[in-house]
Amino acid sequence: MTESQRITVRLSECRQRLNDLLQVETRSEDEQSELERLTGDVQKLEPELRAAIAAEPDPETIPAGAPADPETRERLELRSRATLGGFLLSALQGRLPGGVEAEYAAACGVTDGIPVDLFEQDRPVETRADAVSPAPATGQGATLAPVQPFVFADSIAPRLGIQMPQVGSGSYSEATIGTALTAAAKNKGDAQESTAANLTTVTASPRRISARLSVAMEDVAQIGVSNFETALRENARAVLSDAYDSQCINGNGAAPNVSGLIKQLTDPTDPTAVAAFDAFLAAFADQIDGLWASTMRDVSIVANVDAYKLSAKAFRDVGTNNGHRGDISAADYLAAHTAGWWTNKRMPATASNVARGIVYRRGRPGLRTATHPVWANVAIDDIYSDSGSGTRHFSLHVLAGDKLLLVQPDAYDLVEFKVA
């Protein structure tokens with residue numbers, strides 16, 4: 001509730017009570033005192049209401065897509081100004097963060113360490129262009145170009161409908177109605193017996209995914225440089241995201257690995273023939289179940305690179321008697337007539353000439369199909385290991401669920417293609 005809404009509610013309560021008191025012809029001393037007090041409260045609250053309305057942002061000026069919750073907007077605004085360098089510098093100096101970093105950590109409920117939210121991809125990436133001056137004939141130096149990022153594959157998890165809720169202390173559970181109630185047509189006078197609607201639960205406990213960076217004492221002064229800060233923050237975020245996403249999809253479940261999506265899906269029978277146009281088409285058509293997918297436009301498949309490359313070279317007409325190879329490849333046809341046919345480097349490599357794909361049936365929008373909880377925890381600072389060399393290490397830890405939670409298992413499946 002905003003401040004103006006809170007004051008409006010209080011004014012309404014005061015006016016209602018005043019109306020009740022005004023209906024009393026002969027008021028007692030207590031009622032008369034209450035009437036005078038409420039009148040003064042109304043006179044005091046009116047200017048406060050005007051001030052609160054003036055101070056709050058105009059809804060029409062809020063950017064499209066911005067969260068309506070004022071607290072969320074304030075936290076995002078603080079995040080846009082907070083820097084990873086500020087947190088690291090405070091750790092190097094053996095103190096708690098100050099300024100905007102302290103406000104941002106408090107808004108995230110983090111008392112020690114760096115908020116995980118700092119590494120979200122929607123943070124603006126700061127770029128810097130150096131002005132070029134004529135170089136002198138002697139004493140010519142060098143201009144450092146902006147640091148370029150290490151490139152990782154894009155995340156698969158969001159495109160597969162996997163939600164990543166941030167949770168507090170304790171294990172995280174999801175519950176689904178596994179056995180539905182019963183209903184049936186009945187003759188006159190016949191009773192319908194009730195059955196239990198059983199709940200199925202899946203639970204995840206925290207498991208750690210870590211990254212590590214080291215900063216030399218000589219480089220501490222450079223932490224505040226904008227390009228160094230941006231590159232450091234982006235690389236730390238990217239390497240954690242890369243490790244997390246790989247575990248979320250490919251984790252084999254053997255500690256310390258996460259039990260990922262592929263691990264929990266049924267392994268199909270290996271195909272014996274090299275995939276052609278019809279095989280790629282059948283991979284989608286066979287996924288239609290009438291519940292989670294009513295048409296091929298409700299089916300999305302992400303395959304490994306070898307399978308996608310083969311589909312780009314697979315045309316319907318390949319016989320020597322046809323005299324042509326058709327005008328569209330399987331990759332183009334599926335891209336136009338399905339919910340998605342795409343590839344990503346994170347998918348498992350081809351094994352024994354068999355390439356895998358993950359099926360995601362998207363015909364029930366709005367329902368949660370899978371989650372992988374994240375505990376907001378990033379611990380840092382090792383001042384002892386290499387103190388003799390003036391190097392300080394920072395270990396970044398993300399606590400994620402020890403297993404991906406399949407809330408609706410029927411929304412997912414595995415498919416395989418023989419590629420050679």
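In which kind of crossing, left-handed or right-handed, does helix 1 pass helix 2? The close-ups below of this predicted model start with that pair.

**View 1. Helix 1 and helix 2 cross each other in a left-handed way.** Here you can follow helix 1 through residues 3-22 and helix 2 through residues 29-55. Their axes come within 9 Å and cross at roughly 155°. Angles over 145 degrees count as roughly antiparallel, so helix 1 is roughly antiparallel to helix 2. Look at who takes part in the contact of these two helices: 13 residues are nonpolar, three are polar and 10 are charged.

**View 2. Four strands form an open sheet with mixed pairing.** Reading across the sheet, you meet the strands in the order 7-6-8-13. Strand 7 (340-343) and strand 13 (412-418) are the edge strands, each pairing on one side only. From one strand to the next, the twist averages 25°.

**View 3. Strand 6 and strand 7 run parallel.** Strand 6 covers residues 299-303, and four bridges join it to strand 7. To find your place, look for S300, which stands opposite G340 of strand 7.

**View 4. Confidence varies along the protein chain.** The mean pLDDT of the chain is 78, with 77% of the residues at 70 or more. Among the elements, strand 13 has the highest mean pLDDT, 96, and helix 4 (residues 84-92) the lowest, 72. Over residues 59-68 the pLDDT is below 50, and this stretch has five contacts in the model beyond near neighbours in sequence. Residues 121-142 also stay under 50, and here the model has 20 contacts beyond four places in sequence.

Methods: Residues numbered from 1 in each chain as written. Predicted model: local features only at pLDDT ≥ 70, side-chain atom pairs only at ≥ 80, totals over all residues. Heavy atoms only, no water. Axes fitted to C-alpha atoms, helices over the stretch in contact; angles between N-to-C directions. Helix = DSSP H or I, 4+ residues; strand = E, 2+ residues; numbered from the N terminus. Parallel < 35°, antiparallel > 145°, perpendicular 65-115°, else oblique. Left-handed = near helix turned anticlockwise from the far one by under 90°. Nonpolar A, V, L, I, M, F, W, Y, C, P; charged D, E, K, R; others polar. Pairing = 2+ DSSP bridges. pLDDT = per-residue confidence, 0-100. Contact = heavy atoms within 4.5 Å.
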